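Got your viewer open? Load the model, switch on a cartoon view, and keep the selection box handy.

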Amino acid sequence: LDNESGCHDTVRTYDPAAQRAFRAWLAARYGSIAALNAAWGAKFWSSEYRSFDEVDLPCGTVTEPSPSHRLDFFRFSSDQVLSYNALQAGVVGAASPGRFVTHNLMMLFFDIDAWALARQLSFVTYDSYPLGFTDTTLGLGELYTDEEKVRYARTGHPDLAAWHHDLHRSLSRTGRFWIMEQQPGPVNWATHNPAPAPGMVRVWTWEAFAHGADVVSYFRWRQCRFGQEQMHSGLNRPDMVPDVASGEARQVLAELSALQARLHGPDAAPAGRAGRTRLTRAGLVLDFAAQWMLQVQPQGGGFSYPALALRFYSALRSLGIQVDFVPPGADLAGYDLVVAPSLPLLAPEHVAALAKYGGAAVGGPP
């Protein structure tokens, strides 16, 4: 369904249609203007409203708008994307019953509640660009130091692709996911766009399969001869001569065939062998609304919720701990450790889930 919903800052819009829809969304959420005033603390700075028709979009104010106003607008904007996705799923389902529906999410993208979007899909896919997002975070702050960017310029940070594999595996209802777009070479949109080191496309492909991917699809098949993405590489050059990644993809195909023969051929090892090591499992609580709240009212210059969560993930990975991502309020049974990088918004059901868990839990700054 669609393609990279929200890309190019398209989730939040400030036009008259958005204003009308936002007012309707607020009326449905709060029921009465008195309830909205109470929830927003609108008495502060004399910001009380007499009707929903008086509520504008959170922009153009004399000073900063109410943080509750902005947070609800971020929630509304995410819900608008979800509504559009559901509309598309309904059209596909009516025209072609029984088909799976999916959507390609993006790396380091927090403007949409991906937990809610994933519930509308048969399974989740995403677009993997390890070099581009090691170099450029597209407005999320600095995830990596300049030294790290240089060190991993041609490989991608070793935890970046793994984070997204584990995240989208966790988002997916099936526990499986696809790579809809795998970077095959230099891209055209980062601040710096080096070629991957030799063998990296093969490494990224195998890494995705090891994390549970069912499909790895490379973007593009052929590099464009024109348009905005003509400097974005493909498996083939513009003249259809195979590029470097084409050979690495063919190598993976041959290796997959050999592995299949080894696993399922006459000399295959018996299933269920004893002595396998049990991995320690951690549940990392990831809340997209936490990012919105910390965008609205950051409490420190340069603070980044995605960067904090990624550092927690990297620390767990360095200890050999298997990481699943979980939404706030999820059942935490079965985890040896629960990590919450930051929970600035705590609903009663979130507190209840943590209390019921009762195991080892580590929390970051609120």
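Here is a stop-by-stop tour, with what to select and what you'll find there.

**Before you click**

This is a predicted model, so local features are described where pLDDT is at least 70 and side-chain atom pairs count only at pLDDT 80 or more, while totals for chains, interfaces and linings use all residues. Residues are numbered from 1 along each chain as its sequence is written, and side-chain values use heavy atoms, with hydrogens and water left out.

Helices (H or I, at least four residues) and strands (E, at least two) are DSSP runs, numbered from the N terminus.

**Stop 1: salt bridges**

How many salt bridges does a search of the whole structure find? There are 14, a salt bridge being a side-chain nitrogen of Lys or Arg within 4 Å of a carboxyl oxygen of Asp or Glu.

Select Asp-111 and Arg-12, whose side chains meet in a salt bridge at 3.5 Å, N to O. This pair links distant parts of the chain: Asp-111 is in the loop between β1 (104–106) and α4 (114–118), Arg-12 is in the segment before α1 (16–30), and the two positions lie 99 residues apart in numbering. Asp-111 is buried at 16% relative accessible area, and Arg-12 is buried at 17%. (Buried means under 20% relative accessible area, exposed over 50%, and partly exposed in between, with a 1.4 Å probe and protein chains only.)

Next, pick Arg-23 and Asp-56, another salt bridge, at 3.0 Å from N to O. Arg-23 sits in helix α1 and Asp-56 in the loop between α2 (33–40) and α3 (67–95), so the pair ties together parts that are 33 residues apart in sequence. Here Arg-23 is buried, at 17%, whereas Asp-56 is partly exposed, at 39%.

Now go to Asp-72 and Arg-75, where the closest N and O atoms of the salt bridge are 3.0 Å apart. Both are in helix α3, three residues apart, so about one helical turn separates them. Asp-72 is buried at 1% relative accessibility, and Arg-75 is partly exposed at 22%.

To finish this stop, select Asp-166, Arg-169, Arg-281 and Asp-324 together: salt bridges link them in a network.

**Stop 2: helix α8**

Select residues 200–210, which make up helix α8, and color Met-200, Val-201, Trp-204, Thr-205, Glu-207 and Ala-208, which are buried. They are on the same side of α8, because they cover an arc of only 165 degrees around the axis (the arc is taken from the directions from the helix axis to the C-beta atoms).

What do the buried residues of α8 pack against? Show α5 (130–135), α7 (160–171), β3 (177–182), β4 (213–218) and α9 (244–264); contact means heavy atoms within 4.5 Å. Just after α8, click Gly-212, which has a positive phi of about 110 degrees.

**Stop 3: the four-stranded sheet**

Now show the open sheet with strand order β6-β5-β7-β8 and parallel pairing. Two strands pair if DSSP finds at least two bridges between them. β6 (322–326) and β8 (361–363) are at the edges with a single partner strand each, so one side of each has no neighbour in the sheet. On average, neighbouring strands of this sheet are turned by 20 degrees against each other, direction ignored.

Zoom in on β5 (residues 281–285), which pairs with β6 in the parallel sense over five bridges. Gly-283 stands opposite Asp-324 in β6.

Then add helix α11 (residues 305–318), which lies across β5, β6, β7 (337–340) and β8 and runs at about 175 degrees to β5. For such angles, axes are lines fitted to C-alpha atoms (for helices over the stretch in contact), and angles run from 0 to 180 degrees between N-to-C directions.

**Stop 4: a few loops**

Select Ser-172, in the loop between α7 and β3. Is Ser-172 buried or exposed? At 5% relative accessibility, Ser-172 counts as buried. Leaving aside neighbours within four places in sequence, Ser-172 is in contact with Phe-123 and Val-124.

Over in the loop between β4 and α9 you'll find Arg-220, joined to Phe-219 by a cis peptide bond with omega of about 20 degrees. Met-240 lies in the loop between β4 and α9 too, with a positive phi near 70 degrees, and is partly exposed at 37%.

Last click: Trp-45, in the loop between α2 and α3. Trp-45 has a positive phi near 60 degrees and is exposed at 55%. For background, most residues other than glycine have a negative phi, and most peptide bonds are trans.
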